[in-house]
Amino acid sequence: MARVNRPFRPIRARTAAVAAGTATALFLSLAGCGDPDDGGPAAHRPSPKPSPAWRTDPASVAALGDSITVGFDACSVLADCPAVSWATGTDPQVNSVARRLVKDPATHSWNFARTGALIRDLPGQVDRAVRKRPELVTVLVGANDACRNEVGAMTSEAAFRADFETSLRKLRRALPKTQVYVAAVPDLMRLWSQGRQNQLGKQIWKLGICGSMLRDPDDLSKAADTRRQSVRERVQAYNKALESVCAKDALCRFDRSVFDFRFTGAELSAWDWFHPGREGQRELAEMAFREITRKGT
């Protein structure tokens, strides 16, 4: 029988190809490239850590901010009255956040706010607060940044945002588990529209209170309206900055209701028709307590 010539197939080459394919498959499997839905190695990757949960019962409170939080002009003319502070006050009529949440406010609540404070003063207040290691920090600041003698002197939105970012970063670095309640800057246009109805209030405003908004309260010209609108828009920009920076922190809550609140003359100080009186402080305490104790994120 004649010999049939078959094509030559090197055994070693075939063996090497099979071995290479097996090694590749093994490498891909070990690298976790399998389909997670098939229960492969990728399915066993660790899950991201859940965000820390907001606690509705903090055991201590530190308050930061400006004259509103120290009760300026709420009890007597040209004087702080921290006893009626919405955040840490002891007055039962106001029923502050600290009175509602803390078992012993006298030893577990602190007020580091200062009359006249601007947003640039907030990092320094944070430095003092962290020494007490509070479980909750309240922030209400920004009205003085908009209430300048002239519109051109208002704090810029960029500077406002930068100072708040610095403050929150400092706080978070020192106290990673501390919760932060941030109240919106109040609506200064609403303040003008309510306060101008009181003749005594308008006389007091002539002493130089918040000139950018309250100067010449009865001037309804286009120029005056443009000036007031500029102040209101800057306040809204401040609130937008507070909200967006706060939103990046799982333990920070921004409360817009303070800007939206339709307050009347009944909530304003009878001494200057600008700062909250006792009733205004009580309303601020109620809004803050409602947001701090709200369930969920």
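**Exercise 1. Work out whether L220 is buried or exposed in this predicted model, and what it touches.**

*Solution.* Start with the accessibility: L220 has a relative accessible area of 58%. The cut-off for exposed is over 50%, so L220 counts as exposed. Next, place it: L220 sits in the loop between α9 (211-214) and α10. Finally, look for partners beyond four places in sequence: L220 is in contact with W192 and R196. Hang on to W192, as this residue of α7 comes back in the next two exercises.

**Exercise 2. Find which residues of α7 are buried, and what they pack against.**

*Solution.* Go through the helix and list them: L188, M189, R190, L191, W192, Q194 and G195 are buried. That's seven of the eight residues of α7, so the helix is largely enclosed by the rest of the structure. Now check what does the enclosing: α5 (143-146), α8, α9 and α10 all pack against these buried residues.

**Exercise 3. Describe how α7 and α10 are arranged: how do their axes cross, and which residues meet?**

*Solution.* For a pair of packed helices, you want the angle between the axes and the distance between them.

- Distance: the axes of α7 (residues 188-195) and α10 (residues 222-247) come within 8 Å.
- Angle: they cross at roughly 135°. Roughly antiparallel would need an angle over 145 degrees, so α7 and α10 are oblique to each other.
- Residues: from α7 come L188, M189 and W192, and they meet R228, Q229, V231, R232 and V235 of α10.
- Chemistry: the contact of α7 with α10 divides into five nonpolar residues, one polar and two charged.

**Exercise 4. Decide where the buried residues of α4 lie around the helix axis, and what covers them.**

*Solution.* First pick them out: in α4 (residues 122-130), the buried ones are L122, P123, Q125, V126, A129 and V130. They span an arc of only 155° around the axis, so they lie on the same side of α4. Then look at what sits over them: the cover includes β1 (61-65), β3 (136-140) and α6 (157-174).

**Exercise 5. Follow G65 of β1: how accessible is it, and which residues does it touch?**

*Solution.* G65 belongs to strand β1. Its relative accessibility is 0%, so it counts as buried. Leaving out residues up to four places away in sequence, G65 touches A113, R114, A117, Q125, L140 and V141. Q125 links back to Exercise 4, being one of the buried residues of α4. For a longer reach along the chain, take V182: it is 117 residues from G65 in sequence, yet their C-alpha atoms are 10.0 Å apart.

**Exercise 6. Check the backbone at C210 and W273: what is phi at each, and where do they lie?**

*Solution.* Bear in mind that most residues other than glycine have a negative phi. C210 has a positive phi, near 45°, and W273 has one of about 50°. Now locate them. C210 is in the loop between α8 (199-205) and α9, while W273 is in the loop between α11 (257-260) and α12 (278-292). Last, accessibility: C210 is buried at 6%, and W273 is buried at 15%.

**Exercise 7. Sum up the whole chain: how many helices and strands are there, and what share of the residues is buried?**

*Solution.* Count the elements: twelve helices and five strands. Of the 297 residues, 46% are buried. As for the surface, the chain exposes about 15900 Å², with carbon and sulfur atoms supplying 55% of it. Then take the contacts between residues at least 6 apart in sequence: 71% of them join residues at least 24 apart.

Methods:
Residues numbered from 1 in each chain as written. Predicted model: local features only at pLDDT ≥ 70, side-chain atom pairs only at ≥ 80, totals over all residues. Heavy atoms only, no water. Buried < 20%, exposed > 50% of the residue type's maximum accessible area, 1.4 Å probe, protein only. Helix = DSSP H or I, 4+ residues; strand = E, 2+ residues; numbered from the N terminus. Arc of directions from axis to C-beta. Contact = heavy atoms within 4.5 Å. Axes fitted to C-alpha atoms, helices over the stretch in contact; angles between N-to-C directions. Parallel < 35°, antiparallel > 145°, perpendicular 65-115°, else oblique. Nonpolar A, V, L, I, M, F, W, Y, C, P; charged D, E, K, R; others polar. Areas by Shrake-Rupley, 256 points an atom, 1.4 Å probe, with all protein chains shown as cover.
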